Amino acid sequence: KQDVFADYREITETAEISVKMHGGRAKCLQRLIRLGLPVPKTLALSFPTVHAIAEGHLADTERMMAAFGEVPLVSVRPSSEDPDWGGPGAILNIGMNDARHAFLAETIGERAANALYLRFIQAYAIHVARLDPDMFEAEDLTDAAALRRALSDYEDETDETFPQDPARQLSEVLRSMARAWEGTTARLLRQARGAPADAGLGLVVQEMALGLGQPESGSGVIQFVDGKTGEKLIKGRYLSQSQSRDALAGQKEAIFLTRDPRGPSLEELCPEQFAALLEYGARCRTRLREEMQIEFTIDSGALSIIDAVRIPRNSRAEVRIAVDLAKDGIISREEALMRVEPRSLSELLHRQVDPDAPRDTLVEGIAASPGAARGVVVFSSAAAQARAAQGEACVLVRRETTPDDIRGMHAASAVLTERGGVTSHAAVIARGLGVPCIVGASGMTLSRKANQFTCPDGRIVREGDMVTVDGSSGAVLAGETPLVEAGLDDAFQTLLGWADEVRDIKVRANADTPADARTAERFKADGIGLCRTEHMFFEGDRLTVMREMIFADHTQDRQAALDQLLPMQRADFIALFEIMQGRPVCIRLFDPPLHEFLPNDREGLRELAEALDLPLSDVNRRVEALSEFNPMLGMRGVRLGVTIPEIYEMQARAIFEATIEASRKGDPVVPEIMIPLVSAKREVELVKTRIDAVAAAVRTETGVDFTYRLGVMVETPRAALRAGDIAAHCSFLSFGTNDLTQMTYGLSRDDAGRFMSQYVQQEVFPEDPFHILDAEGVGELLTIGSERGRAANPQVTLSICGEHGGNPESIAFCRTAGFHYVSCSPFRVPVARLSAAQYAL
Ligand code: PEP
Ligand code: MG
């Protein structure tokens with residue numbers, strides 16, 4: 001026989017079988033064999049062999065069949081490198097033909113023989129001959145008439161009799177599975193799950209344990225922890241007279257594994273086999289160092305282990321399983337830390353819709369990624385990025401998402417699609433990002449042209465409307481539904497506690513409000529690395545006072561307005577210090593251009609004139625005078641501090657008075673004060689002199705001593721280049737990589753969203769540099785800045801506080817550059833803690 005491939009091998013304890021050559025299933029079966037589990041005889045075909053089969057080469061199936069003895073029945077299952085990459089479905093009972101049917105009818109009974117043959121004919125017709133699955137009606141598989149019908153239907157459809165030669169059957173099955181793997185749909189699907197373009201498929205050919213025939217025969221699946229929570233618990237089902245995973249397929253007759261008041265159990269039916277399963281489970285756990293789901297068959301009382309897979313699990317279960325394995329001494333703590341993907345933790349941190357809140361459901365779909373989020377509806381990724389750039393939460397609504405939408409999905413707080421299932425692009429990506437997501441909301445009618453969707457009850461949701469996405473239940477709710485914070489269980493806390501013991505870089509949080517600080521505290525941040533104080537001025541009646549301050553003509557008027565703001569700021573800072581209980585709090589002085597506090601429409605201007613008791617023309621003139629061509633590069637940050645010093649003086653006083661107050665009640669506070677947008681050392685000198693003077697005044701007035709640390713935010717390229725001069729005048733440098741990226745690229749952070757996806761698509765940038773730190777360019781400024789800063793002032797504390805701070809990539813960079821801490825949004829603190837630990841290991 002020409003063109004025969006002989007490259008298959010029997011899986012034995014010593015055979016050379018590897019995940020990279022034969023796939024995960026083949027390797028796992030070898031491990032089970034080494035553990036002494038009763039695995040039926042199995043052959044493994046390597047990736048190149050399967051590829052060659054797909055190309056049209058023939059495998060020596062006659063010899064393969066002969067390896068199983070005289071008249072064997074076999075199954076073929078896929079074995080890819082990573083089980084998540086999928087693969088063609090298993091095909092069982094290969095070898096069934098008229099003769100074998102007659103023989104089995106004698107030995108195990110006619111009905112069982114009918115079922116075996118009929119199952120095979122159906123599988124072969126659908127997967128190999130590619131006939132319409134609908135041609136087989138749901139019928140009694142053990143019925144002789146049904147079997148005859150299937151054989152004649154097959155003949156009618158294909159104009160040939162059902163193949164009787166087992167070697168040919170196997171040959172055809174192998175070829176159809178090999179080809180299915182190389183098909184476009186399968187390739188796209190696995191690539192969406194992270195498989196490389198050239199991922200290979202192995203196949204395993206295994207002797208059948210029938211599961212049909214003499215009592216007790218049947219099959220089932222057992223696992224020892226819950227894939228949702230990771231908690232220890234025996235789960236699974238067993239079904240008499242069944243094969244493979246039938247017991248899980250929803251048959252009512254499937255029974256429990258353990259004794260259960262609700263019905264019969266395998267434990268009672270087959271106590272010995274059940275006990276053996278428990279023992280095998282324990283052996284797998286300790287020796288494979290993993291929680292496995294075991295597929296088993298009982299054949300006339302004999303137990304076989306067909307397969308075992310790592311239990312499919314969500315992030316919560318992943319954490320608990322790793323922690324429990326480490327606690328039981330099966331893996332080390334270090335390994336437990338390495339097993340959990342840091343970004344997956346964010347799935348655990350997400351808020352949920354308050355269960356007690358009233359729900360006004362607009363439309364329902366498939367709950368594809370957990371957590372809840374609120375935001376305004378947008379219908380394109382560009383719109384999502386534009387909203388996010390403005391700091392506005394949005395929900396991205398698409399018919400379905402494509403890889404082009406990734407950046408939009410990053411920018412969105414939640415994703416909703418009309419089409420798709422739990423493995424659709426939107427669902428897979430959203431879970432990866434930890435973004436709540438609902439897919440397949442087919443009840444809605446999406447109109448891209450009109451930028452709106454219509455709900456089943458006729459309500460219309462337009463771009464800009466607020467909705468709440470409950471990714472845990474799959475419901476889209478109208479308006480801003482109340483949310484509750486995530487519950488963080490003990491396994492999560494334990495794992496992160498271990499992470500804290502090994503990591504060598506601190507993780508602080510960016511927190512502007514007491515609510516943020518409480519979140520930071522809950523996630524055990526090492527302090528606050530950036531408190532953007534201006535956010536405090538937008539609240540309630542503070543805005544009016546702020547505007548009075550901006551409009552003040554004379555120093556006294558300005559001072560009067562600032563005197564009103566002082567106690568409010570002081571209260572803010574006391575709250576932050578108290579929540580952080582002695583951990584460092586870094587407060588950034590006022591940063592944005594003043595015009596951001598002014599109205600920009602006619603109505604607003606009129607109201608402002610009224611509130612300030614000024615003629616509208618005066619207000620208009622002042623607002624115009626404050627408007628800038630390029631506000632982000634204009635009168636903001638330290639430039640305000642130098643030209644209108646009273647603002648920073650008020651803030652410094654509020655910080656010092658809060659320091660005294662908070663230290664009186666709790667741990668002593670050493671506040672950190674940070675100056676934004678510095679580009680020259682003289683700016684630092686001027687501000688420092690004034691803040692020192694305020695400190696001296698407060699000390700004298702109160703008779704209480706305190707210390708503080710003054711630092712500079714390095715967010716202009718010049719500050720990075722001149723970090724040596726600057727570091728000589730301060731105790732810390734914190735790199736603000738948002739502005740630094742903006743200024744290094746000369747690329748507006750508020751406008752980049754409009755074309756970023758095209759830029760990434762055309763490979764101008766490998767990634768959005770506002771999302772992933774540009775290690776080459778911006779990174780070089782970080783390196784230069786930190787080196788020069790440290791050379792001038794070896795004691796200087798170095799950190800990063802831009803949005804990049806929580807990314808694992810940035811953490812790696814900052815560790816290497818010798819930074820002391822990263823600061824990121826509170827919800828990313830756990831991710832950063834774990835990823836810092838992984839880098840330290
Ligand atoms: C920065 O520029 O990186 C920063 C942290 O400050 P902001 O985002 O407030 O400009
Ligand atoms: Mg900045």
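This tour moves through a predicted model, from its domains to a barrel, a ligand shell and two backbone details.

Begin by colouring the protein chain by domain: select 4–207 for domain 1, 218–313 for domain 2, 351–484 for domain 3, and, for domain 4, the three segments 527–535, 582–593 and 638–831. With domain 2 and domain 3 both displayed, place a marker at the centre of each, taken over C-alpha atoms, and the two markers will stand 38 Å apart.

Next, select strands β25 to β32 in cartoon view, where the 8 strands β25-β26-β27-β28-β29-β30-β31-β32 form a closed barrel with parallel pairing. Within this sheet, neighbouring strands are turned by 25 degrees against each other on average, direction ignored. To look at one pair in detail, select residues 672–675, which are strand β28, together with residues 709–714, which are strand β29; these strands pair in the parallel sense over 4 bridges. Pick I673 as an example, and its bridge partner in β29 is L710. Then add residues 555–580, helix α21, which lies across β26 and β27 (585–588) and runs at about 155 degrees to β27.

Now centre the view on ligand 1 and show as sticks the residues around the ligand: L530, R532, D591, E715, G736, T737, N738, D739, C801 and G802. Coloured by character, this shell divides into 2 nonpolar, 4 polar and 4 charged residues. At least two residues of the shell come from each of β26 (528–532) and α29 (737–745), and α29 supplies the largest share, with 3 residues.

Keep E715 and D739 selected, since the UniProt annotation "binding site", from an unreviewed entry, covers both residues. These annotated positions are spread over 25 residues of sequence, yet they cluster in space, with a largest C-alpha distance of 5.3 Å. If you follow the backbone at E715, you will find this residue in the loop between β29 and α27 (717–721).

The last stops concern backbone geometry, for which the background is that most peptide bonds are trans and most residues other than glycine have a negative phi. Select P215 and E216, which are joined by a cis peptide bond with omega of about -10 degrees; E216 is found in the loop between β7 (201–207) and β8 (218–225). Finally, select Q241, a residue other than glycine whose phi is positive, near 50 degrees, and which is found in the loop between β9 (232–240) and α10 (266–269).

How values were computed: Residues numbered from 1 in each chain as written. Chains lettered and ligands numbered in written order. Predicted model: local features only at pLDDT ≥ 70, side-chain atom pairs only at ≥ 80, totals over all residues. Near = placed C-beta within 6 Å. Nonpolar A, V, L, I, M, F, W, Y, C, P; charged D, E, K, R; others polar. Domains from an automatic or database assignment. Pairing = 2+ DSSP bridges. Axes fitted to C-alpha atoms, helices over the stretch in contact; angles between N-to-C directions. Contact = placed C-beta atoms within 7 Å. UniProt positions renumbered as here; feature names shortened; annotations may be inferred.
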